[in-house]
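Here is a short, friendly tour of one protein model. Have a look at the picture first, and then we will visit a sheet and a helix.

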Amino acid sequence: MIHTPTRTCSSLKSVTILATLVLGSGSALAQGAFEYDLHVVEPFYDSTTSESYFVRVLENGTAWGTSTVLTQLPSGNFSVTNQAVTWSPESSGASAEHLNTLNNRGDRVVESPHLQWATVEYIEGGSDQIDVFEGDVALRAWDINESRMVVGASIRQGSISHGILRDAFFWTEDTGIVNLKETGLVPDAGHVWSVNDSGEMVGIAGNGRFDNNQAFYFDSDTNQHIDLHSQLVPAGQVNVRSDAYDINNHGVVVGSRNSGFGGDIRAFAWSQDAGVSLLPAPMTQAWAINDAGVVVGGNWKYSNEDGLVDLNSLADVGDFQIVDARDISNSGIIVGWGRRSGFALATAFMLTPVQSACVADMNDDQSLNFLDVSAFLAAYSNDDPAADFTNDGLFNFLDVSAFLAAYGAGCP
């Protein structure tokens with residue numbers, strides 16, 4: 001079971017008053033629906049060997065991923081061309097060459113053609129450059145939070161069996177690039193995969209070998225480091241790999257524990273309050289968790305409320321099979337990749353929740369007006385479950401955003 005620590009903030013109550021000034025401007029889907037629309041997004045290259053993958057989705061419904069094409073050379077070898085792409089149901093696709101990652105506010109991180117640096121491009125204009133550590137040959141920026149903290153890895157020359165030599169980093173405008181390994185903040189830190197809006201981050205430590213990747217948690221505000229691997233692996237057990245892939249804004253971490261080739265692979269969740277929870281089999285990968293505590297990975301979705309659900313059962317998938325869900329937004333949008341029946345190549349998908357009812361109609365009169373706003377404010381102020389639009393047991397700005405989105409979407 002996933003335990004989400006309760007973090008209340010009384011000042012958020014006043015946000016609802018301001019929120020009423022912008023009613024009608026929301027367009028995102030509110031969470032809470034249990035039926036989805038499936039969008040299958042064909043590769044952007046016009047080739048029979050082209051594939052497409054989505055790895056992230058923003059709160060505005062924009063997905064980011066990669067389209068690839070395999071080309072056979074005269075020598076008989078193959079070359080792979082990769083193109084970062086962004087996509088939403090309202091768009092026909094957009095090229096985003098060299099894009100590493102982006103955040104909800106619109107800031108982007110793009111890599112140089114030869115990966116020797118990355119550039120942070122700010123939504124209001126201007127940029128900063130992040131250079132590799134001295135002596136390294138490549139830099140991969142994997143995530144950027146709403147405070148513009150960037151995390152990833154700087155890669156050294158040379159490789160070792162089953163892995164690469166790399167140093168985990170975080171970067172801010174104030175601190176510049178910080179080497180978690182060399183500073184001793186996280187011993188042997190190799191890669192940071194995710195950072196939340198509070199600066200809590202997760203990744204893997206170890207020398208890069210398959211049997212020496214160890215999940216960790218680090219809080220950049222307090223410099224607290226927690227070795228998650230030791231909580232996932234019994235003492236004395238060897239050849240076990242653990243990876244921490246994502247952390248939500250409540251500090252809940254998800255990832256995977258792998259006991260080696262042909263061994264037991266289990267998805268897990270962790271928080272400081274609850275410790276480690278192994279998620280139900282057959283879910284082996286937990287790639288992402290949203291702030292409502294909903295986890296996705298493989299063809300599965302897991303939550304305390306609904307248990308383990310096959311994503312292929314939530315929409316009319318036809319001849320398409322969802323293989324790997326890689327991200328989920330706070331509004332419940334899920335992205336990843338799958339395959340059409342009879343075809344081996346990967347194709348990106350997006351699942352968007354469909355509202356079966358007019359959820360913002362707080363007084364059940366089949367219309368939306370100021371009476372519904374007043375009813376929501378009253379329920380929110382009293383911590384009434386009717387105002388818990390994100391279904392996470394908390395009452396905060398996420399509920400306000402979800403209500404505004406549902407109000408803006410109108411009634412069927």
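## A sheet and a helix

An open sheet is built from 4 strands in the order 1-28-27-26, with antiparallel pairing. Strand 1 and strand 26 stand at the edges with a single partner strand each, so one side of each has no neighbour in the sheet. From one strand to the next, the twist averages 30 degrees. This is a predicted model, in which local features need pLDDT of at least 70 and side-chain atom pairs pLDDT 80 or more, while totals for chains, interfaces and linings use all residues. Residues are numbered from 1 along each chain as its sequence is written, and side-chain values use heavy atoms, without hydrogens and water.

Helices (H or I, at least four residues) and strands (E, at least two) are DSSP runs, numbered from the N terminus. Two strands pair if DSSP finds at least two bridges between them. These strands belong to the sheet:

| Strand | Residues |
|---|---|
| strand 1 | 35–41 |
| strand 26 | 320–328 |
| strand 27 | 334–340 |
| strand 28 | 347–354 |

Strands 27 and 28 are joined by 5 bridges, and V335 stands opposite M350 in strand 28.

Now to the helix. Helix 4 covers residues 397–409, and G410, with a positive phi near 80 degrees, follows helix 4. Is D399 of this helix buried or exposed? D399 is buried (under 20% relative accessible area, where exposed is over 50% and partly exposed lies in between, with a 1.4 Å probe and protein chains only), at a value of 0%. Other buried residues of helix 4 include V400, F403 and Y407.

Notes: Axes are lines fitted to C-alpha atoms, for helices over the stretch in contact, and angles run from 0 to 180 degrees between N-to-C directions.
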